[in-house]
Amino acid sequence: MNKSDYWKENLRLVAILLAIWFAVSFLFGIILVDTLNVIRVGGVGLGFWFAQQGSIYTFLVLIFVYTKKMNTLDRKYDVHEDK
Amino acid sequence: MELTTLTYLFVGATFALYIGIAIWARASTTSEFYVAGKGIHPVANGMATAADWMSAASFISMAGLIAFNGYGASVFLMGWTGGYVLLALLLAPYLRKFGKFTVPEFIGERYYSRTARIVAVICLILASITYVIGQMKGIGVAFSRFLETDYDTGLYIGMGIVFIYSVLGGMKGITYTQIAQYCVLIFAYTVPAIFISLNITGNPIPQLGILSTMADGNTYMMDKLNLVVSELGFNEYTTQVLGSKLNMFAYTLTLMIGTAGLPHVIIRFFTVPKVKDARATAGWALVFIAILYTTAPAVGSMARLNLMNTIQTGPVGEVTANIEYDKRPGWFKNWESTGLLKFEDKNGDGRIQYYNDKNKDFAAKAESFGWKGNEMVKVDRDIMVLANPEIANLPNWVIALVVAGGLAAALSTAAGLLLAIASSISHDLLKGIFKPQITEKQELMAGRIAMAGAIAMAGYFGLHPPDFAAGTVAIAFGLAASSIFPALMMGIFNKKVNRAGAVAGMITGISITMLYVFQHKGIMFIPGTSFLGDMSPNWFFGISPNAFGCVGALANFAVAIGVSKMTAPVPDHIQHLVEDIRIPAGSGGATDH
């Protein structure tokens, strides 16, 4: 249990979450928007929905998942505050 | 009650509230002035961050841009929320662990260099001042409508109020006031949206309203809007892009990394008690921001639909289907008097024709109706949110509420930004570098004088804003994105980046961005000095000046890493400092040095 393992696990978590961050905004909302727009949700294309709604909801989930996972990780490596 | 009376009542009551809170929580020490003494709960801090963050650009300007750019305006929605993910994952917890007052302080210490600190101060001031200019535009629009004066007078009055308000408070006062301002602004934003969504689609939740069918039929609301705008030659709402897909990509990225590099937002994460709280604060801030940001697409699209339907009351081409100028609604007259809405009866028929005369196919068709060009010669996008409840015929108290909300948004952000400018001048430049021996009292005084100077400068540029409020603000993001964010991120994630690398990187990044903005928008935004002209054929790969910050940021990263490889390595004690920042344990309250 050392600090460099803690840092590596942290980096891996950040990388996964940022991949999702990129996918819902840049990929679904911009690059693939026309393709996704073929799927319709209530009068708008799915790509449009991701660009104006879906990406924001996903961002929220990402931050809370990160906060929760990091708090667990802090304890696992015994680097948390107020010991 | 009369609209004017109601507006005075709402604005007066909310202002009394803010000033009351500011006096009650008045800062007496530098620690309270800069970071509220670090004792603020994550939810409260998240709410204050949201108010700090959501400015005139978000409240007043963004829905207007959405209304006219449709899908293309998604860059603002994604860009101004996605940055919080970067902030939470890459910066906030580490900067909190580091535990100092200001962003330049971190950069100065991590890169063991006073030069780095000074460069950071300059970048910070450039970004913040540009940002305040954007706020001033919004404040000018709100006051001119509220007091029924022209835009310039509105701006002067707004400057006076910002001055009194932010110079007094400091961070502690600002934080509590911002919580009140958040409540006012979010209420003011969502109430009319709920009414309008209910009117148009029958669904009271705006986020679902945009996915619903019209209240009076089976067509989806968005399909209807697409039809209405394309019938008049405008681009289809849900598919029109902003420039190009590449420009949208760059724009979104710039706004995201700019969010994570803006000092007045980062300072927020110094105000929480623990590293754990810094992570949570980013999440809570985004919750409160998302309430407005997911409502904005509904406000924008429905305002556009109402606007089009007000002017074009029946089938396109029928003479009586265009509203008569003499019968124009009250809101139209009110906005005409601010100079932000202009009508010109080009074909002299006494009716208003509003269509896209730049669309050649449609312009030819319009000619056959006897139309001689678009007669709505000026529709300032920034008026849409304020005009929206009037266009939708909502009760007067809702309109008054929106004015109060717009002012809350503009004031809270202006105050936060001015504080960031003040702290970087008084704390970083004066106390940190030039005159370390000054007392706390003198430092506070210097901070307040710096705020006053910044207000005057922003007001001057506010008279000739380079763009709509949101556009001006976007330039500020470009500057922050290209200078501060890369320096902070590398400071935490790359132990090898050294003093020379960081300084060279920041200078390269911000220079590239500024040069690009100035060559297209004028030197210091002065009209007529843009030597390349602000038009898309002259843009680098079609990337607009507002979206260029991410290119500057890439250059910053590349130069910093390259220069670091060629110069002396980072000393051991700094490497240990970075290792220490990376783990939460042992974080104390923020300390002065």
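Here are a few questions and answers about how the parts of this predicted model touch each other.

Reader: Let's start with the two chains: how many residues of chain B are in contact with chain A?
Author: Contact here means C-beta atoms, placed from the backbone, that lie within 7 Å. On chain A, 35 residues take part, and their partners on chain B number 41.

Reader: Which element of chain A gives the largest share of the side that touches chain B?
Author: Three elements of chain A each supply at least two residues to that side: α1 (3–31), β2 (44–45) and α3 (46–76). With 16 residues, the largest share comes from α3(A).

Reader: And how many residues on that side of chain A are charged?
Author: Sorted by class, the side of chain A that touches chain B has 21 nonpolar and 11 polar residues. The charged ones number three.

Reader: Now chain B: what distance separates the centres of its two domains?
Author: Chain B splits into domain 1 (3–229 + 240–306 + 394–581) and domain 2 (307–385). Taken over C-alpha atoms, their centres are separated by 34 Å.

Reader: Where does the largest share of domain 1's side touching domain 2 of chain B come from?
Author: The two domains of chain B meet through 27 residues of domain 1 and 14 of domain 2. Several helices of chain B each supply at least two residues to the domain 1 side, including α7 (114–146), α13 (275–311) and α17 (396–434). The largest share, eight residues, comes from α4(B).

Reader: How many residues on that domain 1 side are nonpolar?
Author: On the side of domain 1 of chain B that touches domain 2, six residues are polar and five are charged. The nonpolar ones number 16.

Definitions and conventions:
Residues are numbered from 1 along each chain as its sequence is written. Chains are lettered from A and ligands numbered from 1 in the order in which they are written. This is a predicted model: local features need pLDDT of at least 70, side-chain atom pairs count only at pLDDT 80 or more; totals for chains, interfaces and linings use all residues. Helices (H or I, at least four residues) and strands (E, at least two) are DSSP runs, numbered from the N terminus. Ala, Val, Leu, Ile, Met, Phe, Trp, Tyr, Cys and Pro count as nonpolar, Asp, Glu, Lys and Arg as charged, and the others, Gly among them, as polar. Domain bounds come from an automatic or database domain assignment.
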